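Thanks for coming, everyone. I'll put the structure up now, and we'll walk through it together.

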Amino acid sequence: MDGAILDLHVRTTLESPGRSFALDACLRSATQRTALVGASGSGKSTVLMAIAGLAPGVHGHVRVAGRTLLDTARGIHLPARERSVGMVFQDYALFPHMTVEQNLSFGLCRLGQRPDAASRERIESLVRQFGLETLRGAWPRHLSGGQRQRVALARALAPQPGLLLLDEPLSALDTQLRTRLRGELAELLERVQVPTLLVTHDPSDVEALAQSVVHLDAGRVVPPPV
């Protein structure tokens with residue numbers, strides 16, 4: 001696909017009482033880190049959900065580094081668990097009844113089973129890489145905003161996904177903490193070298209975290225504003 005890391009055209013219509021939203025987004029990127037920007041309600045998060053296999057009624061195609069996750073014309077529609085996509089939600093969505101270590105283990109173990117040797121080694125590597133050594137037994141409610149962010153990122157990366165999706169990863173933080181963690185997040189993304197699609201509305205996030213930018217408006221990719 002001419003060197004494209006991310007190549008997609010996704011279409012879906014979302015209905016709610018008194019409102020209908022049509023997404024018809026075409027996106028191709030050859031960079032490691034791409035920012036998807038646009039006003040609230042433009043469909044940014046819906047694009048992420050479509051890529052992850054979490055949005056209903058999606059048509060079109062999604063390819064990551066040449067691997068097809070969705071191609072409705074060819075009858076290909078991988079379920080979310082088979083897409084090798086890691087996602088960090090805006091509120092981080094950590095499991096409150098699990099410790100930090102259990103959150104990290106979640107995507108590596110079958111339900112009710114203990115991690116095997118390879119999974120334990122992977123968890124230990126992430127604990128060191130994300131500076132979580134003293135937090136492995138902590139509950140999410142006892143973590144700071146920055147700590148929750150690091151745990152959410154580590155959990156998303158635990159299964160070694162082919163694509164990382166970040167949905168407004170800094171918006172839940174106050175201004176001072178956001179500025180500091182933006183730099184930490186940039187260093188982490190540079191270190192892990194996983195293709196990343198970042199949703200944001202903050203130009204500072206784009207400048208610090210992205211190598212290319214795609215603009216979305218009313219469910220469609222548009223040229224950048226002049």
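So, which elements each supply at least two residues of the lining of the largest pocket? Those are β7 (85–88) and α4 (145–157). Quick note on the names: helices (H or I, at least four residues) and strands (E, at least two) are DSSP runs, numbered from the N terminus. Of these contributors, β7 gives the most to that lining, with three residues.

Before I go further, this is a predicted model, where local features need pLDDT of at least 70 and side-chain atom pairs count only at pLDDT 80 or more, while totals for chains, interfaces and linings use all residues. Residues are numbered from 1 along each chain as its sequence is written, and side-chain values use heavy atoms, with hydrogens and water left out.

Back to the pocket. The largest one has a volume of about 700 Å³. A pocket here, on a 1 Å grid over the protein atoms alone, is an open set of points with protein on both sides within 12 Å along at least five of seven lines; a cavity is a set where a 1.4 Å probe fits but cannot get out, and lining residues have an atom within 4 Å of a point. Grid points are joined across faces, edges and corners, and the volume is the space filled by probe spheres set on the points. The largest pocket has 19 lining residues, and R81, V85, F106, G107 and P159 are the ones nearest its centre. By type, the lining splits into 13 nonpolar, three polar and three charged residues. For that count, Ala, Val, Leu, Ile, Met, Phe, Trp, Tyr, Cys and Pro are nonpolar, Asp, Glu, Lys and Arg are charged, and the others, Gly among them, are polar.

F106 turns up again in the one aromatic pair of the structure. Its partner is F95: the ring centres are 4.6 Å apart and the planes sit at 50 degrees, so the pair is tilted. The rule is that rings of Phe, Tyr and Trp (its six-membered ring) pair if their centres lie within 6.5 Å; planes under 30 degrees apart are stacked, over 60 edge-to-face, and the rest tilted. F95 is in the loop between β7 and α2 (100–105), and F106 in the loop between α2 and α3 (117–129), eleven residues apart.

Now the sheet that β7 belongs to. It's an open sheet of six strands in the order β7-β8-β9-β3-β10-β11, with mixed pairing. Two strands pair if DSSP finds at least two bridges between them. At the edges are β7 and β11 (220–222), each with a single partner strand, so one side of each has no neighbour in the sheet. From one strand to the next, the twist averages 25 degrees. At one end, β10 (residues 212–217) pairs with β11 in the antiparallel sense over three bridges, and L216 has V221 as its bridge partner in β11. Our pocket helix, α4, packs on this sheet too, touching β7 and β8, with its direction at about 165 degrees to that of β7. Contact means heavy atoms within 4.5 Å; axes are lines fitted to C-alpha atoms, for helices over the stretch in contact, and angles run from 0 to 180 degrees between N-to-C directions.

There's a second open sheet, with five strands in the order β2-β1-β4-β5-β6 and antiparallel pairing. Its edge strands are β2 and β6 (76–77), each pairing on one side only. Helix α1 (residues 44–52) packs on this sheet, touching β1, β2, β4 and β5, at about 110 degrees to β1. That helix also lies across β3 (33–37), β7, β8 (163–167), β9 (196–200) and β10, running at about 150 degrees to β8.

Within the five-stranded sheet, eleven antiparallel bridges join β1 (residues 6–16) to β2 (residues 19–29). In their hairpin, with two residues between the strands, G18 has a positive phi near 80 degrees.

Last stop: the cavity. The whole structure has one of 30 Å³ or more, and the largest has a volume of about 50 Å³. Its lining includes I5, L6 and S29, and divides into five nonpolar, five polar and no charged residues.
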